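Colleague: Can we go through the pockets in this one? Start wherever you like.

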Amino acid sequence: MAFQDYRPKAGMGIFDYPFVGLKHFIALFQDPMFYNVMGNTLAMSFMQLIFGFPLPILFAILLNEVKSIKFKKLVQTSTYLPHFVSWVIVAGLFTTLLARDGIVNEMLLLIGAIKEPISFLALPRWFWGICTSAEIWKELGWNSIIFLAAIAGIDPTLYEAAKVDGASRWQSIKHITIPGIISTILVILVLDIGWIISIGFEKQYLLGNSIVQDYSKVLDLYILDYGIKLGRYSFGTAIGIFKSVVSIILLFFANQLAKRWNGQTVI
């Protein structure tokens, strides 16, 4: 489809449409909007990777240090729940919190940090941070599960031996916990890098508006607006192939970096 002028038509098979070669790929790279959309996608992806990747690891390590089983279960449950909440509800929650009469503005006014309410969702330069914050809040607990499982697989006798030798909690974390889960961290990091341009469109679509659209449009929204909605199915498919090729290249690149750094590979 990406190499044809495809238009859904009864009685025509996939090979009945005219072959146009790289026409749709050329149109993609000649469109100025594509580069703006690509910039937004990469910016939000890197912010999510820089802030959203290490936080679940830190959260899992800290949660593992909690001795109270009841408190640990309470924290786990409360942090897992947002993952099962739809983006429609999460976007509505953030919209309410960040409204001019929302709790965030009320608190900032109360402590004297601002003199008048701020329309956070109408400030383009804030949009990337808001989307990243919403993603982290929603997925923090869920993403920490695999690291908690990796920590649970560490031999308990190592901690007992460290305690006998007089090691502090920080020393046990530094010399036992982190080395014990480093292979899991590398696997997840390599896979996350492979998905760096596939960040979805739900939060951008629901939190965005006409004021911040230059910052909110990402590749998946670009496919939706300029491919599917306009009936340009071949153009949308070409963008999908571009995403897949870039993802594969990034995956192999990250895999080679992991191999050089730790001698381990994912693929």
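Modeller: I'll start with the second largest pocket of this predicted model. Its lining is made up of Asn64, Glu65, Lys67, Ile151, Pro156, Tyr159, Glu160, Lys163, Ala167, Ser168, Arg169 and Ser172.

Colleague: Which element gives the largest share of that lining?

Modeller: α9, with four residues. Both α9 (156-164) and α10 supply at least two residues each.

Colleague: How do the lining residues of the second largest pocket divide between nonpolar, polar and charged?

Modeller: Five are charged, four nonpolar and three polar.

Colleague: And how much space lies in the second largest pocket?

Modeller: About 360 Å³.

Colleague: OK, switching over. What volume does the largest pocket have?

Modeller: The largest pocket comes to about 700 Å³.

Colleague: How many residues line the largest pocket, and which lie nearest its centre?

Modeller: There are 26 in the lining, and Gln48, Glu135, Glu139, Asn143 and Asp192 are the ones nearest the centre.

Colleague: Which elements give two or more residues to that lining?

Modeller: Going along the chain, they are α2 (32-52), α3 (54-64), α7 (124-143), α8 (145-152), α10 (169-194) and α11 (202-207).

Colleague: Which of them gives the most?

Modeller: α7, which contributes seven residues to the lining of the largest pocket.

Colleague: What about the residue types there, nonpolar, polar and charged?

Modeller: The lining of the largest pocket has 14 nonpolar residues, with six polar and six charged.

Colleague: Back to helices for a second. Where does α10 turn up?

Modeller: In both linings: α10 gives two or more residues to the largest pocket and at least two to the second largest.

Terms used: Residues are numbered from 1 along each chain as its sequence is written. This is a predicted model: local features need pLDDT of at least 70, side-chain atom pairs count only at pLDDT 80 or more; totals for chains, interfaces and linings use all residues. Side-chain values use heavy atoms; hydrogens and water are left out. On a 1 Å grid over the protein atoms alone, a cavity is a set of points where a 1.4 Å probe fits but cannot get out, and a pocket is an open set with protein on both sides within 12 Å along at least five of seven lines; lining residues have an atom within 4 Å of a point. Grid points are joined across faces, edges and corners, and a volume is the space filled by probe spheres set on the points. Ala, Val, Leu, Ile, Met, Phe, Trp, Tyr, Cys and Pro count as nonpolar, Asp, Glu, Lys and Arg as charged, and the others, Gly among them, as polar.
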